[in-house]
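Got your viewer open? Let's take a short walk, one selection at a time.

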Amino acid sequence: MKKILFVTVLLFCVFILSSCDYPEKSFQALQRENIPKEVTRNFQLERGVYAPFVWTSDSDAIVISGNEAIVNQKDEDVMVILTATVNKKSETFEIKVLKIGSPLSSREKSEDIAVYLNETYNEIDGGFLELPNEMNGIYIKYQLNLAQSSYGYKIDNQKTYLSSSFRASGEVISIPMSFYDDIEMVTGSEVYGAYLGLIAQPLKEDDPFLLAVQEINVKNYQFTSNLRYTIGISNLKVGDIIEFGTSESFDVNLQLNRNEYFIKIDTNKYEIIKDFRDKTYEQGRLTITIDGVSKTIFIQMYM
């Protein structure tokens with residue numbers, strides 16, 4: 001009985017001590033960049049990850065209802081101070097409510113653009129998906145990552161072009177977007193961040209990138225069984241050369257990152273100089289560039 005009581009008291013003490021840290025953790029997790037600086041319409045406030053925030057306002061220009069900030073525009077701009085509180089810890093935020101008749105703030109324009117992009121562009125299915133780099137005076141930057149091998153892309157002044165990937169059918173990719181109200185993207189010009197969700201369909205049989213992989217596959221390396229999304233090379237040993245062909249129609253770049261196992265001979269050729277650790281596989285990336293668009297397919301190597 002005493003042992004059970006001791007354990008109960010101990011757990012209670014641990015709970016009390018951990019709960020005392022909740023305010024600090026909630027403020028650490030607070031995404032301050034999601035709190036607008038200027039508004040013309042209602043917006044949502046964060047609830048709090050570890051403990052709920054209690055939001056208050058010092059003006060009826062913004063009325064708090066739970067986690068919704070209800071905006072009441074006036075005849076003139078009004079500076080409002082919102083306060084987030086957890087237990088006895090608080091933090092304040094200054095927000096300008098723009099006067100009646102004001103255009104949307106840059107952030108609000110950006111939010112609407114993010115909604116439009118996600119409703120309008122939802123799939124990459126062969127060819128090019130053309131994404132705008134500017135809308136309604138807001139400049140859009142897509143944070144693209146070729147190493148994901150989820151799509152090919154190129155960018156010019158007006159458009160960003162995405163195309164289908166080597167990877168599995170119907171893969172969902174999430175592309176971070178940043179919105180700016182200044183084309184130079186100077187410090188402080190970023191007004192909002194969001195994500196664009198796309199389904200990246202696989203390459204069709206006659207896709208030039210797939211044909212290119214087949215053309216440069218001079219060692220007759222095998223695609224994996226799950227269609228064609230990874231090139232597998234097996235039965236390797238020290239001294240073997242991993243090499244892919246070249247072409248006048250496109251550029252080829254093979255990247256193997258583990259310097260202790262490989263020595264680079266050329267942009268598309270490496271020699272194995274050491275056994276892989278525990279005879280397990282190593283991974284590389286083969287990037288093909290056609291007309292300024294690059295796509296990457298993974299290489300799996302086994303000894």
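Start with the largest pocket of this predicted model, which has a volume of about 330 Å³. To find it, select E33, R107, E190, V191 and Y192: of the 16 residues in the lining, these lie nearest the pocket's centre. Now color α3 (106–120) and β15 (190–200), the elements that give two or more residues to this lining. β15 gives the most, with four residues. Color the lining of the largest pocket by residue type and you'll get seven charged, five polar and four nonpolar residues.

Next stop: the second largest pocket, with a volume of about 290 Å³. Keep R107 selected and add N34, F43, Q44 and E111; these five lie nearest the centre of the second largest pocket, out of 16 lining residues. Which elements each supply at least two residues of this lining? They are β1 (38–39), β2 (43–44) and α3. Here α3 gives the most, with three residues. By type, the lining of the second largest pocket has six nonpolar, six charged and four polar residues.

For the last stop, leave the pockets and pick S163, in strand β13 (residues 159–163). Is S163 buried or exposed? It counts as buried, because its relative accessibility is 3% and the cut-off for buried is under 20%. Show the side chains of S163 and K295, and you can trace a polar contact of 3.3 Å between them. Then bring up the other residues that S163 touches beyond four places in sequence, including I124, F128, Y151 and V293.

Technical notes:
Residues are numbered from 1 along each chain as its sequence is written. This is a predicted model: local features need pLDDT of at least 70, side-chain atom pairs count only at pLDDT 80 or more; totals for chains, interfaces and linings use all residues. Side-chain values use heavy atoms; hydrogens and water are left out. Buried means under 20% relative accessible area, exposed over 50%, partly exposed in between (1.4 Å probe, protein chains only). A polar contact is a pair of N or O atoms within 3.5 Å; within protein, one must be able to donate a hydrogen and the other to accept it, and residues adjacent in sequence count only if both atoms are side-chain atoms. Contact means heavy atoms within 4.5 Å. On a 1 Å grid over the protein atoms alone, a cavity is a set of points where a 1.4 Å probe fits but cannot get out, and a pocket is an open set with protein on both sides within 12 Å along at least five of seven lines; lining residues have an atom within 4 Å of a point. Grid points are joined across faces, edges and corners, and a volume is the space filled by probe spheres set on the points. Ala, Val, Leu, Ile, Met, Phe, Trp, Tyr, Cys and Pro count as nonpolar, Asp, Glu, Lys and Arg as charged, and the others, Gly among them, as polar.
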